[in-house]
Amino acid sequence: MLRWLKAFDSDFTKVVLVILAGIAAYAHTLDIPFYLDDIASIVDNPAIVESSNIRAIWDFSPLRFIGYYSFALNFAVHGSDVLGYHIVNISIHLLTSVVIYLIVSRFLQLQNVGKVPNQSELAIAKYVPFVVALFFVLHPLNTQAVSYVVQRLASMSALFYLCTLYFYLSARMSSRLSNQLVLYALTILLMIFACLTKQNAFTLPLAIILMEACFFAKTGSEAKRLLIYISSLFLLALGLLTVILWIGVVDVGDIDRSLRETDTITRKDYLTAQILVVWKYIGLFFWPHPLNLDYDNNAIATTFSVATVLGLLGHISLIGFSILRLRKLPLVAFGVLFYYLTLSVESSVIPIRDLMFEHRTYLPNFGLLLAVIYLLFSLKVFSCRFRMIVILSVTIILGTLSWQRNDLWRHPVAFYDAAIKNSPGQSRNWVALSQVYFKYNEDEKALSLLRKELRQNQIENDGVIDEPLYVLAFWSQLLRANGLNEKANRVERTYGINKDNKTRQRMLLERGNNELLKSRYMEAAKFYQEILVLNPNHENAQINLGVVAMMEGRLDEAELIFLRFPNNSVSRSNLPLILDLRRGDTTIGSMKRKVFEKTQ
């Protein structure tokens with residue numbers, strides 16, 4: 001068996017195999033449409049659409065600036081065409097897997113420093129990095145961070161995070177001062193990039209200290225002293241914060257608001273929920289089925305119970321075991337502690353509206369993979385043949401599940417149907433499926449689905465419908481699409497939909513687009529002109545008036561509108577078509593579908 005494996009001894013060969021495996025699992029995902037937050041965060045986000053306005057991107061999300069700037073660059077090149085976004089996301093995933101291979105190789109070099117490795121240790125050094133990287137690139141639990149476009153924030157942050165660790169490791173292992181200076185500079189740069197992509201990167205300094213304790217501390221007592229030092233610094237920081245708050249230097253409310261994403265749940269309840277959520281994540285790591293885009297918060301317990309206590313004891317046991325085995329099993333200890341560390345921002349005491357999301361495990365999954373695969377190779381009870389059978393079987397299973405999950409992402413109706421079966425109480429799944437049917441011009445089915453959600457919402461809220469304004473606006477839109485104009489007017493009056501300027505503009509834009517897709521150009525133009533009365537600078541409304549002019553043969557008027565917004569993807573798509581029309585190379589009838597697909 002080992003002779004057969006010698007063909008894969010080359011690092012280059014292993015890296016190529018990892019990349020090819022990733023391409024095989026994701027090659028069919030290039031047409032996955034935008035989902036949920038993709039629309040608001042990218043397609044309908046003025047900061048992204050105006051990609052030249054870097055300040056607007058910073059103001060929109062300073063702590064995620066790098067990630068959103070990458071979306072702006074995508075939009076500048078590809079507009080709302082999903083192809084380019086997916087190519088970037090897949091590339092990030094593949095690069096992350098390669099960096100994982102390099103990091104694990106470094107860890108194993110450090111573990112074998114100063115000793116002559118035996119045959120088993122040589123086998124570990126050869127194949128553990130490859131298997132960890134291979135399983136990472138294929139694991140279906142990672143698909144959400146790759147195929148759900150906006151979750152590039154999770155995968156890109158992970159890439160920068162792991163690059164930071166790799167450059168730090170390389171600097172610590174280098175003997176030349178000039179190399180160290182360059183590598184430390186890259187460490188700092190990549191750390192900044194990670195912290196400006198997603199907030200969980202703020203754990204990076206602790207991850208570096210964890211590496212020091214696991215791989216550079218020369219004795220067990222030194223490693224423990226380092227951990228005690230970290231704990232002391234944490235307690236000191238906590239004490240200083242308490243004093244600052246007590247003397248009133250900083251307002252408690254300001255700190256509290258900056259360390260929460262929502263006020264709908266207390267810190268205690270959020271932490272209580274996360275005790276079991278983390279175990280759900282671990283369960284999905286070992287048995288990734290069924291996966292779900294949007295979990296139901298109501299199905300997750302936020303109060304203490306026997307299960308919560310047992311869950312907490314389980315976490316304490318795992319962390320305690322890892323600390324105690326720090327010297328004997330440094331890779332296992334690092335993997336487990338890294339898992340908890342990188343989950344700590346989103347699974348501790350910082351309340352977030354959604355209690356559970358699979359993409360939050362993207363970076364932590366590296367830690368669990370490292371610990372599990374190292375144990376598989378290092379425990380002598382497993383023969384080489386057994387390990388190979390396990391690795392090949394798991395590779396096939398993970399690859400198949402990832403391919404199937406990604407294929408489901410390609411079909412929104414089937415995808416949301418599955419989400420509803422897994423989380424029937426999550427209202428966003430019902431609303432999203434209704435919106436998909438509306439997009440496909442199945443207005444009756446869309447309204448029927450939305451009514452189911454509204455009835456359930458009414459039951460849960462003592463007879464009162466308590467939905468976000470965008471859902472109520474969509475309800476009104478569906479009623480009109482089904483010819484129920486009087487009911488739509490009643491909904492708008494009852495819930496004050498027209499009183500909110502932004503919501504009304506969005507509703508009018510959707511109604512105009514619906515008319516445009518049905519070739520009712522005069523009606524579409526009325527909605528766009530009404531938007532411009534409310535907001536004369538509304539770019540989408542002006543652009544779509546240009547599309548109306550183009551479809552009605554008023555090419556000069558359409559060209560003037562498109563030239564006013566040269567960086568807009570719709571303008572860039574349709575200006576060449578105007579030239580084709582003038583030359584007689586095409587007709588409006590033959591290009592109708594193409595124009596509509598490029599319309600916002």
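Here are some worked exercises on the predicted model shown above.

**Exercise 1. Helix H11: length and sides**

Task: Work out what span helix H11 should have, then find which of its residues are buried and where they lie around the axis.

Solution:
- Step 1. Start with the length. Helix H11 covers residues 177-195, which makes 19 residues. The expected span is 1.5 Å times one less than the number of residues, so H11 should span 27 Å.
- Step 2. Check this against the model. The end C-alpha atoms of H11 are 27 Å apart, which agrees with the expected span.
- Step 3. Look for the buried residues. In H11, these are Leu183, Thr187, Leu190, Ala194 and Cys195. They cover an arc of only 130° around the axis, so they sit on the same side of H11.
- Step 4. Recall a general rule: an α-helix has 3.6 residues a turn, so residues three or four places apart point the same way.
- Step 5. Now find the partners and the opposite face. The buried residues of H11 pack against helix H10 (152-173) and helix H12 (204-216). On the face turned away from the buried side you will find the exposed residues Leu177, Leu181 and Ile188.

**Exercise 2. Two residues of helix H16**

Task: Decide whether Leu312 and Ser322 are buried or partly exposed, and describe the surroundings of each.

Solution:
- Step 1. Place Leu312: this residue lies in helix H16 (residues 306-324). Ser322 is found in helix H16 too.
- Step 2. Use the cut-offs: buried means under 20% relative accessible area, and exposed means over 50%. Leu312 has 34%, so Leu312 is partly exposed. Ser322 has 1%, so Ser322 is buried.
- Step 3. Look around Leu312. Leu312 helps to make a nonpolar surface patch of about 680 Å², together with residues including Phe304, Val306 and Ile316.
- Step 4. Look around Ser322. Leaving aside neighbours within four places in sequence, Ser322 is in contact with Ala333, Val336 and Leu337.

**Exercise 3. Backbone angles in loops**

Task: Find what is notable about the backbone at Pro290, Leu36 and Asn441.

Solution:
- Step 1. Pro290 lies in the loop between helix H15 (267-286) and H16. The peptide bond from His289 to Pro290 is cis, with omega near -5°.
- Step 2. Leu36 lies in the loop between helix H2 (11-26) and helix H3 (37-43). Its phi is near 35°, a positive value in a residue other than glycine.
- Step 3. Asn441 belongs to the loop between helix H21 (427-439) and helix H22 (443-460). Phi of Asn441 is near 65°, again positive in a residue other than glycine.

**Exercise 4. Two salt bridges**

Task: For the pairs Arg55 with Asp59 and Arg582 with Glu559, give the N to O distance and say where the partners sit.

Solution:
- Step 1. Arg55 and Asp59 form a salt bridge at 3.2 Å, N to O. They are 4 residues apart in helix H5 (residues 54-60), so about one helical turn separates them.
- Step 2. Check their exposure. Arg55 is exposed at 55% relative accessibility, whereas Asp59 is partly exposed at 48%.
- Step 3. In the salt bridge of Arg582 with Glu559, the closest N and O atoms are 3.0 Å apart. This pair links distant parts of the chain, with Arg582 in helix H29 (residues 569-583) and Glu559 in helix H28 (residues 555-564), 23 residues apart.

Conventions
Residues numbered from 1 in each chain as written. Predicted model: local features only at pLDDT ≥ 70, side-chain atom pairs only at ≥ 80, totals over all residues. Heavy atoms only, no water. Patch = residues over 30% accessible without salt bridge, like charges linked within 9 Å, V, L, I, M, F, W, Y side chains within 5 Å. Areas by Shrake-Rupley, 256 points an atom, 1.4 Å probe, with all protein chains shown as cover. Salt bridge = Lys/Arg side-chain N within 4 Å of Asp/Glu carboxyl O. Helix = DSSP H or I, 4+ residues; strand = E, 2+ residues; numbered from the N terminus. Buried < 20%, exposed > 50% of the residue type's maximum accessible area, 1.4 Å probe, protein only. Arc of directions from axis to C-beta. Contact = heavy atoms within 4.5 Å.
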